[in-house]
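User: I should like a close look at a single part of this structure, explained at a level suitable for a first-year student. Please begin from the part itself and then place it in its surroundings.

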Amino acid sequence: MKRSVRWLKPLPLRPRDTVHVVAPAGPFEQAPFEAGLRILSERYSPVLRPDLGASHRYLAGDDARRQEELSHAFLDRASRAIFCARGGYGSSRLLPELPLDKAGPVSFTGFSDLTSVHCALQALGRVSFHAPVLTQLGRQSAQVHDYLFRLLESSAAPPPLHGNATYVPGTAEGVLVGGNLSVFSRLLGTPYMPPLDGAVLLLEDVTERPYRIDRMWTHLRLAGVFARVRGIVLGDFTACEEKDASYSSADVLRELAQDAKLPCAAGFPIGHGAINYPVALGTRVRLEADAARLTFLEGAVSPG
């Protein structure tokens with residue numbers, strides 16, 4: 001059943017605004033985190049809990065710690081943005097108790113495992129930012145930093161992004177949804193799947209061998225996802241090769257995309273690769289697959 005969504009954009013950020021830094025997923029290494037934090041601190045005023053660096057097995061502390069931290073960040077009206085320390089795993093465990101429906105117009109940024117929070121926000125009609133986490137931010141170029149700050153601060157549409165391959169020609173317009181393929185596929189059948197009818201689907205992943213990519217993609221196909229979306233944007237599929245194989249992950253993705261028969265372009269600098277440009281999920285885009293170009297048809301934040 002199609003449903004009409006009235007998308008809520010966050011308020012624009014301003015230099016020196018208070019922002020929350022949270023760790024809702026996996027534990028992180030201190031050095032890359034501090035490098036990213038320095039970049040963030042040059043622009044905004046980050047607030048961190050003293051137990052941010054906690055670790056419990058493969059999580060950044062137990063569920064209660066991470067839940068309290070992220071919930072407070074969403075509800076704090078004194079802050080205009082939330083930046084995640086790292087992906088990894090664990091944010092989906094928090095979804096049932098997150099007060100997303102009570103959150104203010106705050107910018108949520110992150111990617112990878114944070115796809116679960118993005119999807120939950122889009123299910124409520126909220127715009128959020130698929131963008132570098134702090135442990136990755138320090139390795140990004142000044143161009144990526146500037147693009148991120150512009151996206152968060154200006155209500156104007158950002159410049160287009162370009163991929164490097166056309167898998168299926170054609171043009172598609174719609175609201176951009178998606179993120180990490182592994183996380184996104186595991187939300188099928190839950191209340192946290194974003195509205196898909198007429199959407200443009202973004203997918204990226206890391207360290208998933210081609211047969212696993214095929215399996216997750218097939219899961220989406222069997223669930224009817226590709227019958228509902230209008231186009232597919234493929235970001236980086238990093239370290240996804242099968243050792244000594246005669247085929248690549250790109251070969252598999254191209255074949256899967258051609259079977260879906262939707263406009264599809266690949267190689268966009270989005271995801272776990274050396275360059276991770278931020279994009280606003282929940283905003284309207286135009287995919288021109290023939291030119292491997294993704295054009296943003298609106299800004300990501302409200303006029304103020």
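In which sense do strand E13 and strand E14 pair, and over how many bridges?

Analyst: The model is a predicted one. In it, strand E13, which covers residues 284–288, and strand E14, which covers residues 293–296, pair in the antiparallel sense, and four bridges connect them. One position shows the pairing at the level of residues: Arg 286 stands opposite Thr 295 in E14. As background, the strands of a sheet pair through backbone hydrogen bonds, and the pairing may be parallel or antiparallel.

Strand E13 also has a partner in strand E8. These two strands run antiparallel and are joined by five bridges. Arg 286 appears here again, as the bridge partner in E13 of Glu 173. Arg 286 is thus matched with Thr 295 of E14 and with Glu 173.

The next step leads along strand E8 itself, which comprises residues 171–180. Eight of its 10 residues are buried, and the strand is accordingly described as mostly covered. Besides its pairing with E13, strand E8 is joined to strand E9, residues 200–206, by five bridges, and this pair runs parallel. Within this pairing, Gly 178 has Leu 202 in E9 as its bridge partner.

These pairs belong to a wider arrangement. The sheet is open and contains eight strands in the order E6-E14-E13-E8-E9-E10-E11-E7, with mixed pairing. Strand E6 (161–162) and strand E7 (165–168) stand at the edges; each has a single partner strand, so one side of each is left without a neighbour in the sheet. In the stated order, E13 stands between E14 and E8.

The sheet may now be set within the whole chain. The secondary structure of the protein chain comprises eight helices and 14 strands. Its radius of gyration is 18 Å, close to the 19 Å that the globule rule gives for 304 residues, so the chain is as compact as a globular protein of that length. Along the principal axes, the C-alpha trace spans about 50 × 45 × 40 Å. Of the 304 residues, 57% are buried. Among contacts with a separation of 6 or more, 80% are between residues 24 or more positions apart.

A final point concerns internal space. One cavity of 30 Å³ or more is found in a search of the whole structure. The largest cavity holds about 80 Å³ of space. Its lining residues include Leu 8, Phe 74, Val 106 and Arg 126. By class, the lining has nine nonpolar, one polar and two charged residues.

Notes:
Residues are numbered from 1 along each chain as its sequence is written. This is a predicted model: local features need pLDDT of at least 70, side-chain atom pairs count only at pLDDT 80 or more; totals for chains, interfaces and linings use all residues. Side-chain values use heavy atoms; hydrogens and water are left out. On a 1 Å grid over the protein atoms alone, a cavity is a set of points where a 1.4 Å probe fits but cannot get out, and a pocket is an open set with protein on both sides within 12 Å along at least five of seven lines; lining residues have an atom within 4 Å of a point. Grid points are joined across faces, edges and corners, and a volume is the space filled by probe spheres set on the points. Ala, Val, Leu, Ile, Met, Phe, Trp, Tyr, Cys and Pro count as nonpolar, Asp, Glu, Lys and Arg as charged, and the others, Gly among them, as polar. Two strands pair if DSSP finds at least two bridges between them. The radius of gyration is taken over C-alpha atoms; the globule rule is 2.2 Å times the number of residues to the power 0.38. Buried means under 20% relative accessible area, exposed over 50%, partly exposed in between (1.4 Å probe, protein chains only). Contact means heavy atoms within 4.5 Å.
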